[in-house]
Every structure is written in structure tokens, then in C-alpha cells.
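User: I'd like to practise reading features off a model, one at a time. Can we go through a structure together?

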Amino acid sequence: MTNHPRTSPDAAGALKALEAAPAAELTETLLEICSSPSWAEAVAAARPWADRDALLAANAAAMAALTVDDLNDAMAGHARIGKPKTGDATSEREQAGIQGVDSALLDELHEANAAYEAKFGHVFLICATGRTAATMLASLRERFPNDAATEAEIVRGELRKINDIRINRLLDES
């Protein structure tokens, strides 16, 4: 999923700084990417990372190892689709596709979210970056019939995509 230069000089420096960070600082940074303490611990334990791809591989491995409770911890850090966290630049950026959407579509999205949450017991999670409100609603409706185990695996994959984007952003903007 990497469509960045393998490791630009700036990103390499950001990676080295992240790698050299004291444990508490690294954990804090990683928890901003994903709110699962188990995920943050697993990614931190994989250092040193040879390059961007190694850090992304650590993300994938950590995501694959998360339990249902760990997935719940990870989802707890995400706003509902259609309701980005006010003042949270990451949430607002990731859900930019809902900006300026007509209220009828937002109402449909909120109703579908409520039904999903009642069925699965957690927020509908999707990598919203680059998606419109209509495509997110269509995905929500498509996934609603899933059983809990199928949906948990889809959520795991969506979280990995979100984490990849956040890791790449961290490396590219540092």
C-alpha cells in the first residue's frame, strides 16, 4: 500500500528519530496512530526498523495478532463515520469526504451507523481517506449483513490501512 518513495532522506531521518525515541515517547506517538496498547507494544518491540517497509510490516504483523479486545481498543480511538471529532485534525482530514454533504445523506449515514453499532457493538470502521459519504454509506450497507467474525476481519484490514496512512504521514511530515 506504499506509494511513497522507499525512504526519502527526510523520512529516513524521521524513522531514525522514531526508532531512537525513549520507550514512553515512542508509545505515546504510536498510540496516536492506533489506540490499542497491544498494537503499540508490538510495533515498538519490532524496532529497529530497517526502513519504511519494515515499519509498515510491523504494523501488519501487530494488526494480525490483535485479539477482539485489542481490536475494540483500536476502534475506540476512531470517530463515527459522518461525525469527525471536532478539533481533531486527523479525524477531520480522514473524513473529508463528508464535508458539504447534504443533510439527507448524512441522516442516512447516521441511521445506518446506529443500526450497525446496535448489531456489532462498535463503530463502523472503514478507511475513509479518499472516500465520499455516499461510498462509505454503500460500504456500511454492504457489510451490515456480515457475521461478527467476518466483520472483525474486515475491521482488522481497515485498521491496518488507516495505520499505514498515519505511519506514512508521520514519516513524511516529520
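User: Let's start with charged pairs. Which side chain meets Glu108 in a salt bridge?

Analyst: Keep in mind that we're looking at a predicted model. The general idea goes like this: side chains of opposite charge can pair when their charged atoms come close. Here the partner of Glu108 is Arg141, and the N to O distance in their salt bridge is 2.7 Å. Glu108 belongs to helix H7 and Arg141 to helix H8 (residues 133-143), so this pair ties together parts that are 33 residues apart in sequence.

User: How exposed are the two partners, Glu108 and Arg141?

Analyst: For this you read the relative accessibility: under 20% is buried, over 50% is exposed, and partly exposed is in between. Glu108 comes out at 33%, so it counts as partly exposed. Arg141 has a relative accessible area of 46%, so it is partly exposed too.

User: And Glu117, which residue does that one form a salt bridge with?

Analyst: With Arg80, and the closest N and O atoms are 2.6 Å apart. This pair also links distant parts of the chain: Glu117 sits in helix H7 (residues 103-120), Arg80 in the loop between H5 and helix H6 (89-94), and their positions lie 37 residues apart in the numbering sense of being 37 residues apart. On accessibility, Glu117 counts as buried because its value is 18%, while Arg80, at 40%, is partly exposed.

User: What about Glu19 and Lys16, how far apart are they in helix H1?

Analyst: They are 3 residues apart in helix H1 (residues 9-20), which means about one helical turn separates them. Their side chains meet in a salt bridge, at 3.4 Å from N to O. Glu19 has 14% relative accessibility and therefore counts as buried; Lys16, with 46%, is partly exposed.

User: How many salt bridges does the count come to?

Analyst: The count comes to 9 salt bridges. Among them are Glu108 with Arg141, Glu117 with Arg80, and Glu19 with Lys16.

User: Now helix packing. At what angle do the axes of H5 and H9 cross?

Analyst: For a helix pair, look at the distance between axes, the angle and the handedness. The axes of helix H5 (residues 68-75) and helix H9 (residues 148-173) come within 11 Å and cross at roughly 50 degrees. That angle is why H5 is described as oblique to H9. As for handedness, the H5 and H9 crossing is left-handed.

User: Which residues make that contact?

Analyst: H5 contributes Leu71, Ala74 and Met75, and H9 contributes Ala152, Val155, Arg156 and Leu159. Sorted by character, the residues of this contact of H5 with H9 are 6 nonpolar, no polar and 1 charged.

User: Let's finish with single residues. Is Ser36 buried or exposed?

Analyst: Ser36 is buried, because its relative accessibility is 0%. You'll find Ser36 in the loop between H2 and helix H3 (37-45). Leaving out residues up to four places away in sequence, Ser36 touches Leu31, Leu66, Asp70, Asp73 and Ala74. You've met Ala74 already, as one of the H5 residues in the contact with H9.

User: And Glu28, where does that one lie?

Analyst: Glu28 lies in helix H2 (residues 23-33). Its relative accessibility is 52%, so Glu28 counts as exposed. You can also read a C-alpha distance here: Glu28 and Ala45 are 17 residues apart along the chain, and their C-alpha atoms are separated by 14 Å.

Note on methods. Residues numbered from 1 in each chain as written. Predicted model: local features only at pLDDT ≥ 70, side-chain atom pairs only at ≥ 80, totals over all residues. Heavy atoms only, no water. Helix = DSSP H or I, 4+ residues; strand = E, 2+ residues; numbered from the N terminus. Buried < 20%, exposed > 50% of the residue type's maximum accessible area, 1.4 Å probe, protein only. Axes fitted to C-alpha atoms, helices over the stretch in contact; angles between N-to-C directions. Parallel < 35°, antiparallel > 145°, perpendicular 65-115°, else oblique. Left-handed = near helix turned anticlockwise from the far one by under 90°. Contact = heavy atoms within 4.5 Å. Nonpolar A, V, L, I, M, F, W, Y, C, P; charged D, E, K, R; others polar. Salt bridge = Lys/Arg side-chain N within 4 Å of Asp/Glu carboxyl O.
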